[in-house]
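Notebook open, structure loaded. I wanted to look up how a few helices pack and what lines one of the pockets.

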Amino acid sequence: MDGHGDDRHDDRHGNDRRARFERAAPGLVEPLRRFLARRTDPATAEDVLAETLLVCWRRLEDLPAEPLPYAYGVARHCLANAERSARRQERLAAKIAAVDPPRATVPGPGEDGDDELAEALARLRPDDAELLRLWAWEQLGPGEIATVLDITSNAASIRLHRARQKLKEALRKASGVAGHEESREGRTS
């Protein structure tokens, strides 16, 4: 056998399945949607409806000539699974919150009441401000920032340098210092 006969048989079988499901599905969707809407919240109802239709598709051979009662049964089981899953997630979240409560966050630059710094950051382009926050708040190096922003490490270094210069200039303007100011970087006094 050349295998083409099997392929044609599979195609015809697949087309028959699809045609049968397409005949059955329109009569199932709205009754199932109402069935689920009376039993759960709208978002869960839509998720369970999709899951129910998927099960009906997978088990199409089990679908009786009058498929709605069968589909209601599938929907009941899918809804029960969704509710069990939601309860498990709630219990897990409660355990995680009890075992590992979130630490108090330390304010980052511009969040600790330094209005001048917050104002200077706000004047920067959002990309520059985010880059500085990644560097200062998250204490990431250029290589790590590159990973976060999906850029090269070299580009991150250059952009970080430029953003720091822009922040320095914005702070200088905010403090009202005019003209050239000598750099005090690295000096202790």
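I started with handedness: H5 and H6 cross in a right-handed way (near helix turned clockwise from the far one by less than a right angle; anticlockwise would be left-handed). This is a predicted model, where local features need pLDDT of at least 70, side-chain atom pairs count only at pLDDT 80 or more, and totals for chains, interfaces and linings use all residues. Residues are numbered from 1 along each chain as its sequence is written, and side-chain values use heavy atoms, with hydrogens and water left out.

Next I pulled the geometry of H5 (residues 126-136) and H6 (residues 142-149): their axes come within 10 Å and cross at roughly 130°. That angle makes H5 oblique to H6. My helices are DSSP runs of H or I, at least four residues, numbered from the N terminus. Axes are lines fitted to C-alpha atoms over the stretch in contact, with angles from 0 to 180 degrees between N-to-C directions. Under 35 degrees is roughly parallel, over 145 roughly antiparallel, 65 to 115 roughly perpendicular, the rest oblique.

Who touches whom here? I found Leu131, Leu134 and Trp135 on the H5 side, and Ile145, Val148 and Leu149 on the H6 side (contact: heavy atoms within 4.5 Å). I sorted them by class and got six nonpolar, no polar and no charged residues (Ala, Val, Leu, Ile, Met, Phe, Trp, Tyr, Cys and Pro are nonpolar; Asp, Glu, Lys and Arg charged; the others, Gly among them, polar).

Then I tried H5 against H7. Their axes sit 9 Å apart at about 105°, so H5 is roughly perpendicular to H7. From H5, Asp128, Leu131, Leu132 and Trp135 take part, and the H7 residues they meet include Ala156, Arg159 and Leu160. The class tally for H5 with H7 is seven nonpolar, no polar and four charged.

For H6 and H7, I get about 105° again, with axes 8 Å apart, and the two are therefore roughly perpendicular. Pro142, Gly143, Ile145 and Ala146 of H6 meet Ser153, Ala156, Ser157 and Leu160 of H7. That contact divides into five nonpolar, three polar and no charged residues.

Last, I checked the lining of the second largest pocket: H5 and H7 (153-175) each supply at least two residues. By class I count three nonpolar, no polar and seven charged.
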